[in-house]
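Dear colleague,

Here is the structure I promised to hand over, and below it you will find an account of what turned up in it. Please keep the model open while you read, so that you can look up each place as it is mentioned.

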Amino acid sequence: MTKAIKRVTPSRLSSLILHTFLSFIVRLLVIFVTTHIETKFVHGFRYTDVDYLVFSDGASHLARGGSCYDRDTYRYTPLLAWLLSLLVDPSAGGGGGDTTTADGTSSLGVRGKVLFSLSDVVCGVVICRILDIARGDRKDPRSALKSAFLNLRLTCIFWLYNPIVINISTRGSSDSLLPLLPVLLTLLCVLSYTSSSIHPPSLTNYAGLLLAGFSHGLSVHGKIYPVIYSLSYALHVGCGTGRSQYSRSLLQPLRSPSDLFKYLLNLISTLLRPPVLIFLLSSLLSFSALTYIAYAMEGEAYLTHGILYHSSRLDHRHNYSIHWYHIYLSRYITENNLPSFPPPPLPLSTTVSLLTFLPQSIVAFLCSVKLSPGRLPLSLFLTTLSFVSLNKVYTAQYFLWYLPLALLSSPYLKSGTWIARPLALFLFSVVAWLLTAGGLEHMGYSWHLQLHVMGLLHMAANVFLFKEICRATKAT
């Protein structure tokens, strides 16, 4: 960090603390007002996410000596239930860990929502720090001050005071706590390591690399999907900021089979560098240790409901996924013993898993090898956007997975009005889907096919956004 950055730190730091505090107060107000409306004024009004009631049940069962998986739809790590069990009111609910008390409130009360909101604002602090690193140091004090406060404004607008983010966390979603916070901490530690000017790296740098590995293992344990970031992290650690011999060798065009052979050798040699091995081994140890603890707590139930369930999960409830309508119709045919022409060659869960896994893997690999050397946040964002868009389940909470990464990608994109069209199409597709889903869910209209068309429109919007971002990417 240059002297210029250090001189602007106190004023920017005080502003960041102020906005962090104010944004947390905003979340607390939303929590208490909506809870009061739920329990006192509007009968049938439900602001709290159903997942929060699932967390409450799982934590209540665990607090009373049972298993969190006694709650039928609890599909998360038992470590999350253990953490929330520390916040459960022992006098709330029934002896079996019931979801609600006499007045209809969760046995967690608002304590779980406050925890999730707190992790929300901590994510904002980490985002601001990552933006500082991604934009690089400024030698001129005026330029450093301008850059530091630009990062703060972006953090406030797109995260701390973003109504979508506030809504998701205050309704009781745990995504900001797990996996988003560990993902952002991993990204911060990796960028801090590669941006260091100390060669060879000091013991402190390697400690940061070990912390990055621990955070990555935690994020994969909490939600399996961050495993798709492993190759991007590893290549960025191995290639550095994008100006090393390793990154240059990986960015060369492939014109012949011999070029492909050399490329594969360079890829393997990069992944075998000591810093990469330290990161990967620490990630594996972290994931293995946490998974062993979870297995020791819950045994086979954890493997069945916390891990294996997600590989065969099929959500027939409407969501943004382009596979939803196929799953919905196939489930209807199966449950009603209707003939299928032609009969499916594979079970539905296997077919959908193959349809999603193959394209997701290909796009994730290409984003990793082409963008992670020197542009790690952009690589993670495009990997997540493609993964979510092609996934067999795609709910509104998944926006939280790539929204902060989209913000962190801004330093690597060209400025201009190019973002207007893809962003407008993206927002239009979301609003159109929500209106159609509202007609199906709340008005009772039979708009299943129309909702599927809106899902296809949203997929097209994501593809267009992906293409325009690739075109607007700055050269390293």
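**What was found**

Pro179 is found in helix H7, which covers residues 176-195. The peptide bond that leads into this proline from Leu178 is cis, with an omega near 20°. Please bear in mind throughout that this is a predicted model, and that the values here are computed from it.

Leu178 comes up again when one looks for enclosed empty space. Rolling a probe the size of a water molecule over the atoms shows where empty space is left. A search of the whole structure finds one cavity of 30 Å³ or more, and the volume of the largest cavity is about 40 Å³. Its lining is made up of Tyr76, Thr77, Leu80, Ser174, Leu178, Gly222 and Lys223, and by class these residues come to three nonpolar, three polar and one charged.

Thr77, one of the residues of that lining, is also a contact of His221, a residue that lies in helix H8 (residues 203-222). Is His221 buried or exposed? His221 has a relative accessible area of 6%, and it counts as buried because that value is under the 20% cut-off. If its neighbours within four places in sequence are left aside, His221 is in contact with Thr77, Leu79, Phe287, Leu290, Thr291, Ala294 and Tyr302.

Another element worth going through slowly is helix H2, which has 14 residues, numbered 50-63, and reaches 20 Å from its first C-alpha to its last, close to the 20 Å expected at 1.5 Å a residue. At its N-terminal end H2 is capped by Asp49, a side-chain oxygen of which lies 3.0 Å from the backbone nitrogen of Asp51, while just after the helix Gly65 takes a positive phi of about 90°. How many of the 14 residues of H2 are buried? The helix is mostly covered, with eleven of them buried, including Tyr52, Leu53, Phe55 and His61. The buried residues of H2 pack against three helices, namely H3 (78-85), H4 (111-135) and H12 (274-298).

Finally, for the protein chain as a whole, the secondary structure comes to 19 helices and zero strands. Of its 476 residues, 49% are buried. Among contacts between residues at least 6 apart in sequence, 76% join residues that are at least 24 apart.

With best wishes

Conventions
Residues are numbered from 1 along each chain as its sequence is written. This is a predicted model: local features need pLDDT of at least 70, side-chain atom pairs count only at pLDDT 80 or more; totals for chains, interfaces and linings use all residues. Side-chain values use heavy atoms; hydrogens and water are left out. On a 1 Å grid over the protein atoms alone, a cavity is a set of points where a 1.4 Å probe fits but cannot get out, and a pocket is an open set with protein on both sides within 12 Å along at least five of seven lines; lining residues have an atom within 4 Å of a point. Grid points are joined across faces, edges and corners, and a volume is the space filled by probe spheres set on the points. Ala, Val, Leu, Ile, Met, Phe, Trp, Tyr, Cys and Pro count as nonpolar, Asp, Glu, Lys and Arg as charged, and the others, Gly among them, as polar. Helices (H or I, at least four residues) and strands (E, at least two) are DSSP runs, numbered from the N terminus. The expected span of a helix is 1.5 Å times one less than its number of residues. Buried means under 20% relative accessible area, exposed over 50%, partly exposed in between (1.4 Å probe, protein chains only). Contact means heavy atoms within 4.5 Å. A polar contact is a pair of N or O atoms within 3.5 Å; within protein, one must be able to donate a hydrogen and the other to accept it, and residues adjacent in sequence count only if both atoms are side-chain atoms.
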